[in-house]
Amino acid sequence: MNKWEEEYKRKLTTPEEVAKTVKDGDRIFCGSGSCTPDALLNALFDRAEELRDVVFGGLILLAPTYKVLKMELTRNILFDNFYATPLDRESLREGISVHTPFHFSELPRLASEYRGYRKIFTQCGPMDKNGYFSCGVSGNFLDVVDKVDELVLEVNQYQPRVHGRNFYHISQVSAIVENHHPVFDLPPEPATDIDRQIAENIVEHIEDGATIQLGIGAVPNAIGECLIEHDRHHLGCYTEMIPDAIMKLFEAGVLDNTKKTFHPYQFNAFFAAGSSALYSWLDDNPMICFTPISYNNDPYNVAKNDRMVAINSTLEIDLTGQCCSESFGPYQYTATGGQVDFTRGAWMSRGGKAFIALHSTAKDRETGETVSKIVPQLRPGAAVTLTRTDVMYVATEYGVVNLKGRSLRERARELISIAHPDFRGELKRYARGVKYFVLPEHEEGL
């Protein structure tokens, strides 16, 4: 047994013992997604009634939060929800949990300096002979480890060993627990005909040698399929997260990272989310380079990739170009995430392009009626995730328009041209009412 193994043995404990160390007023930030420390949180939640004013923060937590998402426990333990999911959206609507707005690139500083988090609970992979733990597939806290008081690791032998600046050392760790179970996976979402059409419209604007950012969902999956079908060459990957689509592009020979101007020959990301096949591909793959979010999502680092192409989605966009990508009115649905980081980075990139992709219509969640996602005005209380001054390209199944440098009149014309035909009349009437359109020729071609 070497000295690192001895230190591991000294620090090894149980989730219940760690939970006992939590005291009133503590603020604990947690690993997210597939690195959620579910055993540690489960033990902490079982102590909820014994505690007062404890806050746990995180995003996309795959833990039994239902135990504490109760009005009678909000004074005991409060969920500071940084990214809403179907598991916890209702708690936000009811005021049982709270939401902290943030850009991904700012999260480490915001959480440690402005929100006062002093402890970290997160899941990781097993320790190697040199005392290092892979941070796994769902991001790391390496940019704030020296700013907090405690780092507690929940070791899961099933976590892939992911390369990059993505390892904790035993010397940085306060306590260790073990909880071995298959890593939560998220199989790719099948694409609809509309998703495919949006993807076709965007792929026309992606050149050979571009570096791309893709997220998760049906449209990114469809874009990956279209890039293969259109036989693109020498694409690069610099992204917030790696989905299955990125792996498939590499396996098809479309994406090889040879033309990247920043971190060439590497797949750059902060985390991954996808199928078990994706996690197997990431495991001990030397081409993968995960780095802390403050580095990976820094717009200036994004911009170091020439011909950077960022592709994100939104819930609704108004006729001036303001995008609400995270709420329905005042009710939080997701979060800002890295949309602004990558949109601004792509704009600053030499030859870069930033796309906002959306279906032209959706079903209203309350009435069930079909509504336009291109609207005269955002709903009252809606979060402006991406300002009109940041937006570049907007894509629907009806085409792609570029709003950068366009007047309000021109923006209205462009956006109406890619709205669903059933709603173009209503949008034109609004444009006339606010004097975007004054002369008949302002509406020609619409």
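Modeller: Before we look at single residues of this predicted model, one rule is needed: a residue is buried when its relative accessible area is under 20%, exposed when the area is over 50%, and partly exposed in between.

Biologist: Why does Phe-250 count as partly exposed?

Modeller: The relative accessibility of Phe-250 is 27%, and because the partly exposed class runs between the limits of 20% and 50%, Phe-250 falls into that class.

Biologist: And what makes Trp-281 buried?

Modeller: Trp-281 has a relative accessible area of 13%, and since the limit for buried is under 20%, Trp-281 counts as buried.

Biologist: Why is the pair of Phe-250 and Trp-281 called tilted?

Modeller: Two rings pair if their centres lie within 6.5 Å, and planes that are neither under 30 degrees nor over 60 degrees apart count as tilted. The centres of Phe-250 and Trp-281 are 5.9 Å apart and their planes stand at 45 degrees, so the pair is tilted. This pair links distant parts of the chain, with Phe-250 in helix H8 and Trp-281 in helix H9, 31 residues apart.

Biologist: How many aromatic pairs are there by this rule?

Modeller: The count comes to 18 aromatic pairs.

Biologist: What makes the pair of Phe-29 and Phe-141 edge-to-face?

Modeller: The ring centres of Phe-29 and Phe-141 are 6.0 Å apart and their planes are at 75 degrees; because planes over 60 degrees apart count as edge-to-face, the pair takes that name. Phe-29 belongs to strand S1, whereas Phe-141 sits in the loop between strand S6 and strand S7, 112 residues apart, and the pair thus links distant parts of the chain. Phe-29 and Phe-141 are both buried, and they form one aromatic cluster with Phe-82, Phe-102, Phe-104 and Tyr-117.

Biologist: How do you know that Arg-93 lies over the face of Tyr-331?

Modeller: The rule asks that CZ of Arg be within 6 Å of the ring centre and within 35 degrees of the ring normal, and Arg-93 is placed over the face of Tyr-331 at 3.8 Å from the ring centre. Arg-424 likewise lies over the face of Tyr-398, at 5.5 Å from the ring centre.

Biologist: How can one tell where empty space is left?

Modeller: A probe the size of a water molecule is rolled over the atoms, and this shows where empty space is left. With a threshold of 30 Å³ or more, the count comes to two cavities.

Biologist: Which residues lie nearest the centre of the largest cavity?

Modeller: The largest cavity is lined by 21 residues, and those nearest its centre are Phe-29, Leu-107, Asn-140, Phe-141 and Val-144. Strand S1 and helix H5 are the elements that give two or more residues to this lining, and H5 gives the most, with four residues. About 220 Å³ of space lies in the largest cavity, and its lining divides into 14 nonpolar, six polar and one charged residues.

Biologist: What lines the second largest cavity?

Modeller: The second largest cavity, with a volume of about 30 Å³, is lined by residues including His-205, Glu-207, Arg-307 and Lys-353. By class, this lining has three nonpolar, two polar and three charged residues.

Biologist: Why is helix H12 described as largely enclosed by the rest of the structure?

Modeller: Seven of the ten residues of H12 are buried, so the helix is largely enclosed by the rest of the structure. The buried residues of H12 are Gln-339, Val-340, Asp-341, Phe-342, Thr-343, Gly-345 and Ala-346, and what covers them includes strand S10, helix H10, helix H11, S16 and S21.

Biologist: Which elements do the buried residues of H6 pack against?

Modeller: The buried residues of H6 pack against helix H7 and strands S16, S21, S25 and S26. The buried residues of H6 include Asp-195, Ile-198 and Val-203.

Biologist: Finally, what makes Cys-324 buried?

Modeller: Cys-324 has a relative accessible area of 0%, and because buried means under 20%, Cys-324 is buried. Cys-324 lies in strand S18, and, leaving aside its neighbours within four places in sequence, its contacts include Thr-314, Leu-315, Glu-316 and Leu-378. Cys-324 and Thr-387 are 63 residues apart in sequence, with 8.9 Å between them in space, C-alpha to C-alpha.

How values were computed:
Residues are numbered from 1 along each chain as its sequence is written. This is a predicted model: local features need pLDDT of at least 70, side-chain atom pairs count only at pLDDT 80 or more; totals for chains, interfaces and linings use all residues. Side-chain values use heavy atoms; hydrogens and water are left out. Buried means under 20% relative accessible area, exposed over 50%, partly exposed in between (1.4 Å probe, protein chains only). Contact means heavy atoms within 4.5 Å. On a 1 Å grid over the protein atoms alone, a cavity is a set of points where a 1.4 Å probe fits but cannot get out, and a pocket is an open set with protein on both sides within 12 Å along at least five of seven lines; lining residues have an atom within 4 Å of a point. Grid points are joined across faces, edges and corners, and a volume is the space filled by probe spheres set on the points. Ala, Val, Leu, Ile, Met, Phe, Trp, Tyr, Cys and Pro count as nonpolar, Asp, Glu, Lys and Arg as charged, and the others, Gly among them, as polar.
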